[in-house]
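Subject: Structure handover

Hello,

Here is the structure I promised to pass on. Please open it first, then read the notes below.

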Amino acid sequence: MSRPPGRKQENHKISGELFVLTYGALVAQLCKDYEKDEDVNTCLDRMGYGIGVRLIDDFLARSAVKKCRSYSETADMIAQVAFKMYLGITPTVSCSSAAGNEFSLILDKNPLVDFVEELPAERASLCYCNLLCGVIRGALEMVHLPAEVTFLQDRLKGDAVTEIGITFLRKSEDRKHRRNK
Amino acid sequence: MRRRRRLGGAEAAAGPRAQHRQRGTSTALAMATAGPRARRASRERRPPPPPHVTRGRGGRGKMAVCIAVIAKENYPLYIRSVPTENELKFHYTVHTSLDVVDEKISAMGKALVDQRELYLGLLYPTEDYKVYGYVTNSKVKFVMVVDSSNTALRDNEIRSMFRKLHNSYTDIMCNPFYNPGDRIHSRAFDNMVNSMMMQVC
């Protein structure tokens with residue numbers, strides 16, 4: 001599954017629009033299948049989870065990152081390496097809790113919503129990119145870092161920026177050394 | 001040549017929409033057969049145009065009076081005109097211009113199909129307005145009505161306006177929540193069309 005970096009780059013350039021259009025068609029079809037926005041959001045999250053648990057191996061193989069020693073390093077890794085590798089964007093990370101286990105990724109540019117101007121009126125609470133949340137959650141769970149990932153702000157709903165919140169759930173035994181992210 | 005032939009037979013074998021035209025036809029016939037110089041002279045002899053048109057003429061010259069997007073099945077997806085009192089007249093003008101569009105498409109279709117250009121050019125002139133047309137390969141038509149007194153508007157400017165319209169239309173098509181055949185309700189498209197329309201206070 002791991003490809004040499006050069007070929008990966010040209011794959012990105014070719015199929016960027018196709019990927020965005022495919023994702024849009026997926027969301028539109030889910031909207032036709034489910035009446036409630038919450039059902040669509042749950043379905044997207046579940047799909048993302050399935051992608052994430054498989055994507056993490058590809059990510060670790062391609063990026064060959066070192067062990068992450070803290071939650072903030074993990075969040076930085078997600079933002080600067082993973083997002084850059086798969087979506088070509090680099091969100092900014094900010095820590096939003098004193099305990100150091102809540103982080104938020106602020107995306108100033110989201111390629112998935114390139115063609116979507118605004119959500120249709122009857123879908124006001126749809127989280128269009130909920131798949132991303134599922135991917136992050138699935139990937140973190142496979143490296144034994146359970147987390148809750150949700151959208152805190154969404155530009156499609158009228159907020160200024162798109163913000164994804166990652167809350168690392170504390171495990172019962174407190175371990176000093178985290179596994180490789 | 002083609003225009004004169006069509007106008008000559010306007011009363012006899014006109015398209016279904018053009019048969020409704022009565023008063024406009026004779027004037028258009030006179031204008032068309034008169035020749036370009038006589039047409040311009042007769043325009044100058046007319047009384048001065050109403051104030052909103054004068055303002056447009058002094059402006060940047062990239063201004064249309066009415067812009068419409070027509071679907072393949074010939075119903076309007078989007079139609080926006082300058083908010084004067086006679087908006088229905090623009091709707092009617094666009095409707096009748098669809099005949100000319102169909103004629104141009106079929107005429108060019110008999111020639112080499114791959115040489116058919118998207119920009120159709122001037123569809124027909126009336127005494128007040130000129131109507132331009134553009135057809136995409138999916139048979140979606142863009143019709144633009146421009147004021148006749150706006151002589152600064154050149155052909156390549158009209159072409160660039162149609163290109164912008166086409167680009168905005170493809171952006172709308174890429175929206176996953178837009179079903180082809182729906183009416184167009186897009187803020188970005190509205191802004192782009194507003195930038196092309198004549199400013200009327």
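Accessible areas here come from the Shrake-Rupley method with a 1.4 Å probe. On that basis, the accessible surface of chain B comes to about 11,100 Å². Carbon and sulfur atoms account for 53% of that surface. Please keep in mind that this is a predicted model.

Chain B overall

Chain B has 201 residues, and 44% of them are buried. Its secondary structure consists of eight helices and five strands. How do the elements run from the N terminus on? The order in chain B is α-α-α-α-α-β-β-α-β-β-β-α-α. So five helices lead in succession before a pair of strands. A helix then comes before three strands, and two helices end the series.

I also looked at contacts in chain B between residues at least 6 apart in sequence. Of these, 61% join residues at least 24 apart.

Salt bridges

How many salt bridges does the structure hold over all chains? There are seven. Three of them are described here, beginning with one in chain A.

A:Asp45 pairs with A:Arg137 in a salt bridge. Their closest N and O atoms are 2.8 Å apart. This pair links distant parts of the chain, with the two positions 92 residues apart in numbering. A:Asp45 sits in helix H2 (residues 37-63) of chain A. A:Arg137 sits in helix H4 (residues 130-142) of chain A. Are the two partners buried or partly exposed? A:Asp45 has a relative accessible area of 14%, so it counts as buried. A:Arg137 is at 21% relative accessibility, so it is partly exposed. The cut-off for buried is under 20%.

In chain B, B:Arg159 forms a salt bridge with B:Asp155. The closest N and O atoms of this pair are 3.3 Å apart. Both residues belong to helix H7 (residues 155-174) of chain B. They are four residues apart, about one turn of the helix. B:Arg159 is partly exposed, at 30% relative accessibility. B:Asp155 is partly exposed too, with a relative accessible area of 38%.

B:Arg154 and B:Glu157 also meet through their side chains in a salt bridge. The N to O distance is 3.7 Å. B:Glu157 is buried, with a relative accessible area of 17%.

Best wishes

Note on methods: Residues are numbered from 1 along each chain as its sequence is written. Chains are lettered from A and ligands numbered from 1 in the order in which they are written. This is a predicted model: local features need pLDDT of at least 70, side-chain atom pairs count only at pLDDT 80 or more; totals for chains, interfaces and linings use all residues. Side-chain values use heavy atoms; hydrogens and water are left out. Buried means under 20% relative accessible area, exposed over 50%, partly exposed in between (1.4 Å probe, protein chains only). Contact means heavy atoms within 4.5 Å. A salt bridge is a side-chain nitrogen of Lys or Arg within 4 Å of a carboxyl oxygen of Asp or Glu.
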